[in-house]
Amino acid sequence: MAPETLTAPALGVSQVRRYYQLVDAGDVTALVALFTPDARYHRPGYQPMVGHAELERFYRDQRVIRTGVHTLATVVTTEDEVAVHGLFRGVLHDGGEVELRFADFFRMTPQGRIAARDTFFHVPAV
């Protein structure tokens with residue numbers, strides 16, 4: 001099915017899957033382009049990021065992960081939201097290895113752009 005013929009939920013899922021492919025490939029320019037210009041990203045341990053410039057700065061300069069692979073276990077969608085649960089395995093910039101479960105919630109535009117993202121990690125916090 002061509003992207004222009006996908007329903008909004010199917011397009012959202014396709015774009016979210018593409019997002020993880022781009023993150024894992026390290027293609028910051030293409031992954032930032034998936035977001036709306038005023039997109040908001042909430043991630044534990046960081047101030048909320050708003051807009052392309054802050055997203056690009058995070059992925060190029062602040063993200064503690066050097067390389068890794070996201071494996072999605074569950075993908076759930078509504079008309080304008082996509083929720084995923086999965087496992088990330090990778091290497092940090094300090095050389096340490098990381099393996100953790102995560103959940104992401106994306107709010108999508110009808111055109112398939114990411115308007116908001118909230119990330120949660122399955123690690124002890126409280």
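**View 1. Helix H1 lies across five strands of the predicted model.** Helix H1 covers residues 8–25. The strands beneath this heading are S1 (35–42), S3, S4, S5 (97–108) and S6 (114–121). Relative to S3, helix H1 runs at about 165°. Thr5 sits in the segment before H1. With 48% relative accessibility, Thr5 counts as partly exposed. Thr5 and Pro124 are 119 residues apart in sequence, and their C-alpha atoms are 43 Å apart in space.

**View 2. Six strands make an open sheet of mixed pairing.** The strand order is S2-S1-S6-S5-S4-S3. Strand S2 (49–50) and strand S3 (65–77) form the edges, and each pairs on one side only. S3 and strand S4 (residues 81–92) run antiparallel and are joined by eleven bridges. Val75 stands opposite Val84, a residue of S4.

**View 3. Helix H3 lies across S1, S2 and S6.** Residues 51–62 form this helix. Helix H3 runs at about 55° to S1.

**View 4. The largest nonpolar core holds 27 residues.** Tyr19, Leu31, Leu55, Tyr59 and Phe106 have the most contacts inside this core. At least two core residues come from each of H1, helix H2 (28–33), S1, H3, S4 and S5. H1 gives the most, with six residues. Neighbours within four places in sequence aside, Tyr59 is in contact with Tyr19, Val23, Val28, Leu31, Tyr41 and Arg117. Two residues in that contact list, Tyr19 and Leu31, are also among those with the most contacts inside the core.

**View 5. Tyr41 and Phe58 form an edge-to-face ring pair, one of nine aromatic pairs.** The ring centres of Tyr41 and Phe58 are 6.1 Å apart. Their planes meet at 75°, which is over the 60 degrees needed, so the pair is edge-to-face. Tyr41 belongs to strand S1 and Phe58 to helix H3. The two residues are 17 residues apart, so this pair links distant parts of the chain. Tyr41 is buried, with a relative accessible area of 0%. Phe58 also counts as buried, at 0% relative accessibility.

**View 6. Phe58 also pairs with Tyr46.** The ring centres of Tyr46 and Phe58 lie 5.1 Å apart. Their planes are at 85°, so this pair too is edge-to-face. Tyr46 lies in the loop between S1 and S2, while Phe58 is in helix H3. The pair therefore ties together parts twelve residues apart in sequence. Tyr46 counts as partly exposed, at 28% relative accessibility, whereas Phe58 counts as buried.

**View 7. Five aromatic residues form a cluster through ring pairs.** The members are Tyr19, Tyr20, Phe35, Phe102 and Phe106. Tyr19 and Phe106 are also among the residues with the most contacts inside the largest nonpolar core.

**View 8. Thr119 makes a side-chain polar contact with Asp104.** Thr119 lies in strand S6. At 4% relative accessibility, below the 20% limit, Thr119 counts as buried. The polar contact joins the side chain of Thr119 to the side chain of Asp104 at 2.4 Å. Leaving aside neighbours within four places in sequence, Thr119 is in contact with Tyr41, His42, Arg43, Pro44, Ala103 and Asp104. Tyr41 appears in this list and also in the contacts of Tyr59.

Definitions and conventions. Residues numbered from 1 in each chain as written. Predicted model: local features only at pLDDT ≥ 70, side-chain atom pairs only at ≥ 80, totals over all residues. Heavy atoms only, no water. Pairing = 2+ DSSP bridges. Helix = DSSP H or I, 4+ residues; strand = E, 2+ residues; numbered from the N terminus. Contact = heavy atoms within 4.5 Å. Axes fitted to C-alpha atoms, helices over the stretch in contact; angles between N-to-C directions. Core = buried A, V, L, I, M, F, W, Y, C linked by side-chain atoms within 4.5 Å. Buried < 20%, exposed > 50% of the residue type's maximum accessible area, 1.4 Å probe, protein only. Polar contact = N/O pair within 3.5 Å; in protein donor to acceptor, adjacent residues only side chain to side chain. Phe/Tyr/Trp six-rings, centres within 6.5 Å; stacked < 30°, edge-to-face > 60°.
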